[in-house]
Amino acid sequence: MPDAVVIGAGPNGLVAGNLLADAGWTVEVLEAQSEPGGAVRHDRGVDPAYISDVFSAFYPLAAASPVFSGLRLHEYGLRWSHAPRVLAHPLADGRCAVLGRTVEETAEGLDTFAPGDGASWCAQYEVWEKLRRPLLDALFTPFPPVRAGARLAASVRAAGGLRLARTMLLPVRRLGEEEFRGEGGRLLLAGNALHADLAPEAAGSGGFGWLMTMLGQMYGFPAPVGGSGALTSALVGRLESRGGTVRCGERVTGVTVRGGRAVAVRTAGGESVTARRAVLADVSAPALYGELVDARHLPSQLLDDLRRFQWDFATFKVDWALDGPVPWDAAAASTAGTVHLADGVDGLTRFAAQIAMGQVPDRPFVLFGQMTTTDPTRSPAGTESAWAYTHVPRRIRGDAGDGGLTGAWDRREEETMADRVEEQVERVAPGFRGRIKARRVLSPTTLENLDANLRGGAINSGTTALHQQLVLRPTPGAGRPETPVKGLYLASAGAHPGGGVHGAPGANAARAALRGHRRGVVARLQYALARPPEHSSP
């Protein structure tokens, strides 16, 4: 009987298991898929000679995360690799905004869009340097982050106070307009904001785009050497070295609750796995509260709030094996690990508006990854292992293009949408399609089939919009990993601080479980000491 059962062997579940094992707990992780990793896995499914990341690929949040640095995963084989440049956003006129590996390189490039924008970039980076440590500490700790929050508040006051707070709440379109005269800096901020489901006009999109861009400037967008699964292998190896176990092919179908406490989980195979101390769930909030825990154990208000839960955009992904480098018109794009493709900020607004209206975008915003450029182990010399993803509506009402896409995502629709993505690449890289040796299409339905947490192709376990963040994530008042059921903790990106591979939800849940167990031990000891001694009758 393990002390803790962890549902799901994604990065958050594995982080939780590691921290509990560090505290001396016995841990058993149950994973529905045939291999661990959740959305952090790679394979050779496109071409045997090419390594392809099936889901996520670049990990700036992992590089910045104090959770991951504390695990010392390099001791378990994890190594990071970087492209010569972090990010590029090429335009049809041949110009290209570039996020370089140094502040000076980025600033120099932005000055070509408008003199003085380089200095503006440097000023933004100075603000980041003042806020970085307290901001990351507050971001990666349970909400409310009392001590980290106090340090952050002091740093915010030193860096501009209410004016800085206003800046972070701005829509990214407005933030770009206030800080940069040219298009380059605006594109870097706005493109990074749309890594999440935030339109350029959404409140708070400026802060998110600024955070992702500054993370890229300081830490780069690194990728694990040998494929994203190397990160998972390091987490699993570390856990197993501490006595933890990971069992794959074990889908959990329910959490057993007795006396208001989670005591076991049930699997699809009919097994009941008892947890001596805690159950931690690296699953989406709707799955935990709507499927795994019987409604009679949950407050009616929570169930009502869940009906208002908002998922993030659906995701559509294409993987390629290319027989040569991508023939970008803008040479700078050839050295970037990540490339953003959109017709300026207006193109991003058009894309987000079409999704909001339930239409499949006709000119989708494409995030393009050049993995061999980033990590030469990914494919033979002179070739490129590449991917791209874009977003589509969760509920499709129409197609803004002429492909008649309905969201059925059958073979015809998958191929039609993949062609549309490739057309976007061709616009700034003529001849790209001639380099394609093989491709794989992953529709929203396929993504969910490969990882149940990616419900409908949502990759962030819920919207990144302000109304579902902090103490409002996943529902109002539920900003901590504790649940209404004692001994049960939400350990997924559905909890604060949300999506991205940084391990914070898993770490927060593990620490909450340890804290809850200590409190229980103390309470039982106090009760025992308070009881009057029993006297035997003469």
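How many bridges pair strand β11 with β12, and in which sense do the two strands pair? Select residues 261-267, which make up β11, and look across to β12: the pairing is antiparallel and runs over three bridges. Keep in mind as you click around that this is a predicted model.

**Stop 1: the three-strand sheet**

While you are here, zoom in on R266, whose bridge partner in β12 is S272. Now widen the selection to take in β10 as well. You have an open sheet of three strands, in the order β10-β11-β12, with antiparallel pairing. The edges are held by β10 (252-258) and β12 (272-274); each has a single partner strand, so one side of each is left without a neighbour in the sheet. Going from one strand to the next, the twist averages 30°.

**Stop 2: the five-strand sheet**

Next, colour β9, β2, β1, β13 and β21. In that order they make an open sheet of five strands, and this time the pairing is parallel. Here the edge strands are β9 (245-248) and β21 (488-490), and each of them has a single partner strand, so one side of each lacks a neighbour in the sheet. The twist averages 20° from one strand to the next.

For a close-up, pick β1 (residues 4-7) and β13 (residues 278-281). These two run parallel and are joined by four bridges. Show A4 and you'll find A278 of β13 standing opposite.

**Stop 3: aromatic pairs**

Switch on the side chains of Phe, Tyr and Trp. The structure holds twelve aromatic pairs. Start with F316 and W409: their ring centres are 5.3 Å apart and their planes sit at 40°, so this pair counts as tilted. F316 belongs to strand β14 (residues 314-322), while W409 is in the loop between β19 (398-399) and α16, so the pair ties together parts that are 93 residues apart in sequence. Buried or exposed, these two? Both F316 and W409 are buried.

Now move to W328 and F368. Their ring centres are 5.4 Å apart with planes at 85°, so this one is an edge-to-face pair. W328 comes from the loop between β14 and β15, and F368 from strand β17 (residues 366-370), so the contact ties together parts that are 40 residues apart in sequence. W328 and F368 are both buried too. Add W320 and F432 to the selection and you have one aromatic cluster, made of W320, W328, F368 and F432.

**Stop 4: the second largest pocket**

Select Q310, W311, F313, I355 and R394. Of the 18 residues lining the second largest pocket, these are the closest to its centre. The space in this pocket comes to about 480 Å³. What classes of residue make up the lining? There are nine nonpolar, four polar and five charged residues.

**Stop 5: two cavities**

Turn to the enclosed spaces. The count is two cavities of 30 Å³ or more.

- **Largest cavity.** Its volume is about 60 Å³. To frame it, select P90, L91, A92, L341, A342, D343, Q424, R427 and V428, which line the space. Helix α16 (residues 411-428) gives the most to this lining, with three residues. By class, the lining splits into six nonpolar, one polar and two charged residues.
- **Second largest cavity.** This one has a volume of about 50 Å³. Its lining is F58, H82, A83, R85, V86, R101, G220, F221, G337 and T338. Two elements, β6 (85-90) and β15 (336-341), are the ones that give two or more residues to the lining. The class tally here is four nonpolar, four polar and two charged residues.

**Last stop: P299**

Where does P299 sit? Look in the loop between α12 (285-292) and α13 (300-306). P299 has 36% relative accessibility, so it counts as partly exposed, given that this label covers the range between 20% and 50%. Finish by drawing a distance between the C-alpha atoms of P299 and P484: they are 7.4 Å apart in space, with their positions 185 residues apart along the chain.

Note on methods:
Residues numbered from 1 in each chain as written. Predicted model: local features only at pLDDT ≥ 70, side-chain atom pairs only at ≥ 80, totals over all residues. Heavy atoms only, no water. 1 Å grid on protein atoms, 1.4 Å probe; cavity = no way out; pocket = protein on both sides within 12 Å on 5 of 7 lines; lining within 4 Å. Points joined across faces, edges and corners; volume = space filled by probe spheres on them. Nonpolar A, V, L, I, M, F, W, Y, C, P; charged D, E, K, R; others polar. Pairing = 2+ DSSP bridges. Axes fitted to C-alpha atoms, helices over the stretch in contact; angles between N-to-C directions. Phe/Tyr/Trp six-rings, centres within 6.5 Å; stacked < 30°, edge-to-face > 60°. Buried < 20%, exposed > 50% of the residue type's maximum accessible area, 1.4 Å probe, protein only.
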